[in-house]
Amino acid sequence: MKTVDKSLVTDIVKVKLGADTPSEPLLKITVDEIEQTILNYCNINEIPKELTYTFANMVVDLFRYEDEFIKATTVSVEGEEEEAEPDVNTHNINSIRLPD
C-alpha cells in the first residue's frame, strides 16, 4: 500500500491557505496532529495515499476553525485586543437541575 506523503500534504495546505499560512513549526505540529487523528479514528497504522487531499483539507479546516474562534472571542478596543465576555443572560435562571 502506498502511503500519504506528508510533504505533499504540507504543500497543498500552503497553497490553500495562501497568505494565511502559519509558521513552519506550527504547520508541522498541526499536520502531525491531524495525522494522529486520522490514524486513531480509522484504527490504521499508515494513511493511504488516497486520503492525501482529505488529510490536507482537515489541516486547512483546523487552521480556519482556530482562526475564526480567535476572531470571535477577541474584541478590538482602541487598537488593543481583549478577551470578549460571553453574552449570557442569567437574569431569568431560577434553578438548575442536575442529573441523578
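Let me start with Tyr-65, which in this predicted model is exposed, because its relative accessible area is 55% and anything over 50% counts as exposed. Its partner in what follows is Phe-69, which at 48% relative accessibility counts as partly exposed. Both residues belong to helix α3, and being four residues apart there, they are separated by about one helical turn.

Why do I mention Tyr-65 and Phe-69 together, and how are their rings arranged? The structure holds one aromatic pair, and it is made by these two residues, whose ring centres lie 6.5 Å apart and whose planes stand at 20°, so the pair is stacked. In general, a pair of aromatic rings is described by exactly these two quantities, the distance of the centres and the angle of the planes.

Let me now step back to the protein as a whole, which has three helices and two strands, following the pattern α-α-α-β-β when we read along the sequence. Of its 100 residues, 22% count as buried, and among the contacts between residues at least 6 apart in sequence, 63% join residues at least 24 apart.

With that in mind, we can ask how helix α3 packs with the other helices. Two packed helices are described by the angle between their axes and the distance between the axes.

Take helix α1, residues 6-17, whose axis lies 9 Å from that of α3, the two packing at an angle of about 45°. That angle makes α1 oblique to α3, and the crossing is right-handed. On the α1 side the contact includes Leu-8, Val-9, Ile-12 and Val-13, while among the α3 residues taking part are Phe-55, Ala-56, Val-59 and Phe-63. If we sort the residues of this contact by character, they divide into 11 nonpolar, two polar and three charged.

Next comes helix α2, residues 24-42, whose axis comes within 10 Å of that of α3, residues 52-73, and crosses it at roughly 120°. That makes α2 oblique to α3, and this crossing, too, is right-handed. From α2, the residues in contact include Leu-26, Leu-27, Ile-34 and Ile-38, and from α3 they are Phe-55, Met-58, Val-59, Leu-62 and Phe-63. Here the residues divide into 10 nonpolar, one polar and two charged.

Finally, please look at Phe-55, Val-59 and Phe-63 of α3 in the structure above, since these residues take part in the contact with α1 and also in the contact with α2.

Methods: Residues are numbered from 1 along each chain as its sequence is written. This is a predicted model: local features need pLDDT of at least 70, side-chain atom pairs count only at pLDDT 80 or more; totals for chains, interfaces and linings use all residues. Side-chain values use heavy atoms; hydrogens and water are left out. Axes are lines fitted to C-alpha atoms, for helices over the stretch in contact, and angles run from 0 to 180 degrees between N-to-C directions. Angles under 35 degrees count as roughly parallel, over 145 as roughly antiparallel, 65 to 115 as roughly perpendicular and the rest as oblique. A crossing is left-handed if the near helix is turned anticlockwise from the far one by less than a right angle, and right-handed if clockwise. Contact means heavy atoms within 4.5 Å. Ala, Val, Leu, Ile, Met, Phe, Trp, Tyr, Cys and Pro count as nonpolar, Asp, Glu, Lys and Arg as charged, and the others, Gly among them, as polar. Rings of Phe, Tyr and Trp (its six-membered ring) pair if their centres lie within 6.5 Å; planes under 30 degrees apart count as stacked, over 60 as edge-to-face and the rest as tilted. Buried means under 20% relative accessible area, exposed over 50%, partly exposed in between (1.4 Å probe, protein chains only).
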